[in-house]
Amino acid sequence: MTSHEYREQAERLLRNAIYGGHPSPAAIEEAGVWARLAQAAATTEAAQSSEEK
């Protein structure tokens, strides 16, 4: 998955938790995990991009 896909998943989960009316701590934590995965993927993608130059 790309960082963009991870970020979209985090946003989708957070949006569902908030607009579902009763965001649970577990749902928010899951969105946070996806957000951290997105950040790690973006860092990896940036490093790979700089290596290619």
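# Exercises on a two-helix model

Ser 3 lies in helix 1, which covers residues 3–19. The model is predicted. Work through the exercises in order.

## Exercise 1: Ser 3

Decide whether Ser 3 is buried or exposed, and list what Ser 3 touches.

**Solution.**
- Step 1. Take the relative accessible area of Ser 3, which is 15%.
- Step 2. Apply the cut-off: buried means under 20%.
- Step 3. Ser 3 is therefore buried.
- Step 4. Leave out residues up to four places away in sequence; Ser 3 then touches Ala 38, Ala 41, Ala 42 and Glu 45.

## Exercise 2: The whole protein

Find how many helices and strands the protein has, and set its radius of gyration against that of a compact globule.

**Solution.**
- Step 1. Count the elements: there are two helices and zero strands.
- Step 2. A compact globule of 53 residues would have a radius of gyration near 10 Å.
- Step 3. The protein has 14 Å instead.
- Step 4. Look at the box filled by the C-alpha atoms. Along the principal axes, this box is roughly 45 × 15 × 10 Å.
- Step 5. Turn to burial: 17% of the 53 residues are buried.
- Step 6. Turn to the surface. The protein exposes about 4000 Å², and carbon and sulfur atoms supply 56% of that area.

## Exercise 3: The span of helix 2

Check whether the end-to-end distance of helix 2 agrees with its number of residues.

**Solution.**
- Step 1. Helix 2 runs over residues 25–52, which is 28 residues.
- Step 2. Use 1.5 Å a residue; the expected span is 40 Å.
- Step 3. The end C-alpha atoms are 41 Å apart.
- Step 4. The two values agree.

## Exercise 4: The buried side of helix 2

Name residues of helix 2 that are buried, and say what helps to cover them.

**Solution.**
- Step 1. Ala 31, Gly 32, Ala 38 and Ala 41 are buried in helix 2.
- Step 2. Their cover includes helix 1.
- Step 3. Take Ala 41 as a case. Its relative accessibility is 12%, so Ala 41 counts as buried.
- Step 4. Leave out residues up to four places away in sequence; Ala 41 touches Thr 2, Ser 3 and Tyr 6.
- Step 5. Add a distance. Ala 41 and His 4 are 37 residues apart in sequence, yet their C-alpha atoms are 8.7 Å apart.

## Exercise 5: Two residues of helix 1

Classify Leu 14 and Arg 12 by exposure, then find how far each lies from a residue of your choice.

**Solution.**
- Step 1. Leu 14 is found in helix 1, and Arg 12 has its place there too.
- Step 2. Partly exposed lies between under 20% and over 50%.
- Step 3. Leu 14 has a relative accessible area of 35%, so Leu 14 is partly exposed.
- Step 4. Arg 12 has 39%, so Arg 12 is partly exposed.
- Step 5. Apart from residues up to four places away in sequence, Leu 14 touches Ile 28 and Ala 31.
- Step 6. Leu 14 and Ala 42 are 28 residues apart along the chain, with 19 Å between their C-alpha atoms.
- Step 7. Arg 12 and Ala 31 are 19 residues apart in sequence, with 8.2 Å from C-alpha to C-alpha.

## Exercise 6: Val 33 and the charges

Place Val 33, then count the charged side chains of the protein.

**Solution.**
- Step 1. Val 33 is in helix 2.
- Step 2. Its relative accessible area is 36%, so Val 33 is partly exposed.
- Step 3. Val 33 and Arg 15 are 18 residues apart in sequence and 15 Å apart in space, C-alpha to C-alpha.
- Step 4. Count the charges: 5 side chains are positive and 8 are negative.
- Step 5. The centres of these two sets lie 6 Å apart.

Definitions and conventions
Residues numbered from 1 in each chain as written. Predicted model: local features only at pLDDT ≥ 70, side-chain atom pairs only at ≥ 80, totals over all residues. Heavy atoms only, no water. Helix = DSSP H or I, 4+ residues; strand = E, 2+ residues; numbered from the N terminus. Buried < 20%, exposed > 50% of the residue type's maximum accessible area, 1.4 Å probe, protein only. Contact = heavy atoms within 4.5 Å. Expected span 1.5 Å × (residues − 1). Rg over C-alpha atoms; globule rule 2.2 N^0.38 Å. Areas by Shrake-Rupley, 256 points an atom, 1.4 Å probe, with all protein chains shown as cover. Lys, Arg positive; Asp, Glu negative; His and termini not counted. Charge placed at Lys NZ, Arg CZ, Asp CG, Glu CD.
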